[in-house]
Amino acid sequence: MTAHDQISRRSAVTAVAATAALLPFAGATAAHAQQATEQGQFFQHGVASGDPLPDGVLLWTRVTPTPSATPGSGRGPATEVAWEVAGDKGFTTVVAHGKVTTSADRDHTVKADVRGLRPATTYYYRFTAGGGHSPVGRTRTAPAHDTAAGNVRFGVVSCANWESGYFSAYRHLAARTELDAVLHLGDYLYEYKSGEFPDFKYVVRPHSPAHELLTLADYRIRHGAHKADPDALAMHATHPVIAIWDDHEFADNAWKGGAVNHTPGTEGSWSARVAAAKQAYFEWMPVRPSIAGTTYRRLRFGTLADLHLLDLRSFRDEQAKPGSGAVDDPSRTITGRAQLDWLKAGLERSDTAWRLVGTSVMISQVAFGSVPAHLLGPLAEILGIPKEGLAVNTDQWDGYTDDRRELLGHLSDRGIDNTVFLTGDIHMAWANDVPLEAATYPATRPVATEFVVTSVTSDNVDDFLHVAPHTVSLVGVAAIRAANRHVKWLDMDSHGYGVLDVTAARTQMDYFAVSDKTDPAATSKYLRSYRTLTGSRQVERADGPALTDRPGTPGPPSRRSPPPRRRGPAGPGR
C-alpha cells in the first residue's frame, strides 16, 4: 500500500478540518529556568513529575554539565545529581532524598521514582548538581486506593505542534493549582521537517532540528527544545503529567511495521527509527522506565476512578485503504491481542465509580454521508476519505472495527457502566455517546461516552483551509451531527485544553479555548461543559464549569452537580 492510498497525517490529524497569567509559583519557576538557560547553568530544561501513585511519584530533570553537553550531542561527563522532596517550598521539612548518576548514554536526563510519600498530598521537589539547585517543582500524590475522595481533576491536552504556535494552553493549566495531574493524550511533539506542517509561510516558530527526525540525536534535540519552552516549563513544574504517545512521537500514521512518513531505504529501517524515538521519549518524558517499549498502563485515583492508558501505535496493523472492506477484517488490530485482553479484564475488575480510558484516537463511529456536494471535496481532502464520501478515517478505531466491536460488546455484555473515553488527535473538541452500533442509535442505548479535546496548536479545519472561524465549520458541524446522532457537540474552530472533573455523581469535561495560538500571551476563554451522570452512559450539557474544591481555579462558578442516579444491578457497585 502506498502513502497515497492511505490517510496522510497532514489531512487526518487535522480531521474535518481560566486566566491569562501564571500563578506566582509557576511564573517564578519559568523565570528561574529561563535565567538558568541564559547563564549556561546545569538545569536548562526545568523539572517535571509524572505518574502519581498514592505513595509516590516519578521525578525528572536534565542536567547540562558542560556547555557542549546539549541535547543529542553525546557529549559531557557522567554527573551525580541529588534530589529531595519536601512538604514545603522552603525545604524545611524534607521527607525523601537520594542521588542519581546520569551521563551522555541517557542524554543527561535524570529520573527518580520516589516512594514512601503520603496519599493525596502536595509536595515540592528539587535537584542539585554542580553546586546549584534546579527550579523548584510542585507535585501531588494520588488518593489512597480505598479513599473516597470528593473529586479528582485533570487537565487534558494533546497535539502540540511547535511550528503551529505557542503552548499557551500549558500556561493556563499551570495556573490551575487545584489539578491532580495533567493528562497528555499524545503528539507531544511532531517529527516533521520545518515547513512541512504547516507550510513555511505559516510557521510561527521553526523546529529544531530543521530536518525530519530520524535518529536518536534528532529526537533528543526536539524533546530538548520542547522542554525549554516557557509554557511547558511552567506546566511540568506545577503538575504531574500522565502521558501516552500517538504517532508523531515517531512518524505520521505510525503502525507496528512502518508509517506514512517513513520511506525504508532512504530513511533507514523502521525498527531503528522507532527504537530511537522510544528511547528519547523515555529519557525525556516523566514516564516510568519500567514500562519502556509501550505506554499502556493503569493508574488508580482512590475509589473514584481507574485510569487505563493505551498504546495504539506499537501493536496495530497497517491502516486500511479508506472505503475498503479491510476495516472489518477480524485479523486486523489496533490494540494487539495482549493489550485488548488487559483492557477488558481491567474494566471488568474495576471497583471504582468510574473507568476512564485514555485513547489517543477517537473510538466513536464517524460517518459523513450527509455532507453536501459543495463541501465534500474539501472535507474529503482534509479527512483523507474517498471523494465519493465513504465514511471512514482508518487511522482511528473506525479502521479497526472488530477490536472496537469486541471492546464495546464487552462493556455491554458485562453491564460495565461509567466508562468514559478521553481522546485527542483530531484537532477538534467533541462530546459523544458511544453506541455499540451507530446505525441503531438512539434506539439502542450507548455503552460508554467520549470526551475529545482539541489541539494545543496543531492545525484544525480553519487553519488548513485558511478561513475565518465559524464559516466552513458551521456547515461541517451541521453535516457531521446530522449523520452522527451520537455526536452531541463538535467544535472545529478552537485550540485549547480541557479540564476533567470526576465525582461519584458525574464525570464532567470543561472545554477551554485560547484566544490566538500565534500569540505567546494568548488568553483563555471557557467554551462549554458536558458531563456523564453515573449509570446514564450518555453525555449531557452542563450549565457551567465544575466548582473548585481546592483553591486556584479561574473562571465562573457553576451550580453543583445533581445527586447521583441510582445504579442498576450491573453498575460499578456490583
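**Exercise 1. The buried side of H6**

Task: Work out which residues of helix H6 are buried, and what they pack against.

Solution. Start with the list, bearing in mind that this is a predicted model. The buried residues of H6 are Trp270, Arg273, Val274, Ala276, Ala277, Lys278, Ala280, Tyr281, Phe282, Glu283 and Trp284. Next, set that against the helix itself: H6 covers residues 270-284 and has 15 residues. With 11 of the 15 buried, H6 is largely enclosed by the rest of the structure. Then look for the neighbours. The buried residues pack against strand S2 (56-62), strand S5 (109-114), helix H4 (216-227) and strand S11 (240-243). Finally, check the span: H6 reaches 21 Å from its first C-alpha to its last, close to the 21 Å expected at 1.5 Å a residue.

One more thing to pick up while you're here: Tyr281 and Phe282 belong to a cluster linked by ring pairs, together with Trp245 and Phe250.

**Exercise 2. Two rings and an arginine**

Task: Classify the ring pair of Trp162 and Phe167, then find where Arg205 sits relative to Trp162 and Phe167.

Solution. A pair of aromatic rings is described by the distance of the centres and the angle of the planes. The structure has 18 aromatic pairs by this kind of count. For Trp162 and Phe167, the centres are 5.9 Å apart and the planes stand at 80°, so the pair is edge-to-face. The cut-off to use is over 60 degrees for edge-to-face.

Now accessibility. Trp162 comes out at 14% relative accessibility, which counts as buried. Phe167 is buried too, at 1%.

Last step, the charge. Arg205 lies over the face of Trp162, 3.7 Å from the ring centre. The charged end of Arg205 also sits over the ring of Phe167, at 4.7 Å from its centre.

**Exercise 3. The sheet of 10 strands**

Task: Give the strand order of the open sheet of 10 strands, name its edges, and follow the pairing from S20 to S22.

Solution. Read the order off as S5-S2-S1-S11-S10-S9-S19-S20-S21-S22, with mixed pairing. S5 and S22 stand at the edges, each with a single partner strand, so one side of each has no neighbour in the sheet. On average, neighbouring strands are turned by 30° against each other, direction ignored.

Helix H5 (residues 230-238) packs on this sheet, touching strand S1 (47-53), strand S10 (181-184) and S11, and its direction makes about 40° with that of S1.

Now walk along the S20 end. Strand S20 (residues 506-514) and strand S21 (residues 524-533) are antiparallel, with 9 bridges. To get the register, use Val514, whose bridge partner in S21 is Ser524, and Ala513, whose partner there is Lys525. Moving on, 3 bridges join S21 to strand S22 (residues 540-542), again antiparallel; here Ser529 stands opposite Ala542. The hairpin of S21 and S22 has 6 residues between the strands, and in it Gly535 takes a positive phi near 80°.

**Exercise 4. The sheet of 7 strands**

Task: Do the ordering for the open sheet of 7 strands and place helices H7 and H11 on it.

Solution. The order is S12-S13-S14-S15-S17-S16-S18, with mixed pairing. Strand S12 (297-301) and strand S18 (487-491) are the edge strands, each pairing on one side only. The twist averages 15° from one strand to the next.

At the S12 edge, 5 bridges join S12 to strand S13 (residues 305-309) in antiparallel fashion, and Arg297 stands opposite Leu309.

For the helices, H7 (residues 337-349) lies across S12, S13, strand S14 (354-359) and strand S15 (419-423), at about 175° to S13. H11 (residues 472-483) lies across strand S16 (429-434) and S18, at about 160° to S18.

**Exercise 5. Backbone oddities**

Task: Locate the cis peptide bonds at Pro209 and Pro442, and the positive phi values of Cys159 and His470.

Solution. Begin with the background: most residues other than glycine have a negative phi, and most peptide bonds are trans.

- The Ser208 to Pro209 bond is cis, with omega near -5°; Pro209 is in the loop between S10 and H4.
- Tyr441 and Pro442 are joined by a cis bond with omega about 5°; Pro442 is in the loop between S16 and strand S17 (448-452).
- Cys159 has a positive phi of about 60°. Cys159 lies in the loop between strand S9 (152-157) and helix H3 (168-174), and is buried at 0% relative accessible area.
- His470 has a positive phi of about 65°, and is found in the loop between helix H10 (461-465) and H11.

Methods:
Residues are numbered from 1 along each chain as its sequence is written. This is a predicted model: local features need pLDDT of at least 70, side-chain atom pairs count only at pLDDT 80 or more; totals for chains, interfaces and linings use all residues. Side-chain values use heavy atoms; hydrogens and water are left out. Rings of Phe, Tyr and Trp (its six-membered ring) pair if their centres lie within 6.5 Å; planes under 30 degrees apart count as stacked, over 60 as edge-to-face and the rest as tilted. Buried means under 20% relative accessible area, exposed over 50%, partly exposed in between (1.4 Å probe, protein chains only). A charge sits over a ring if NZ of Lys or CZ of Arg is within 6 Å of the ring centre and within 35 degrees of the ring normal. Two strands pair if DSSP finds at least two bridges between them. Helices (H or I, at least four residues) and strands (E, at least two) are DSSP runs, numbered from the N terminus. Axes are lines fitted to C-alpha atoms, for helices over the stretch in contact, and angles run from 0 to 180 degrees between N-to-C directions. Contact means heavy atoms within 4.5 Å. The expected span of a helix is 1.5 Å times one less than its number of residues.
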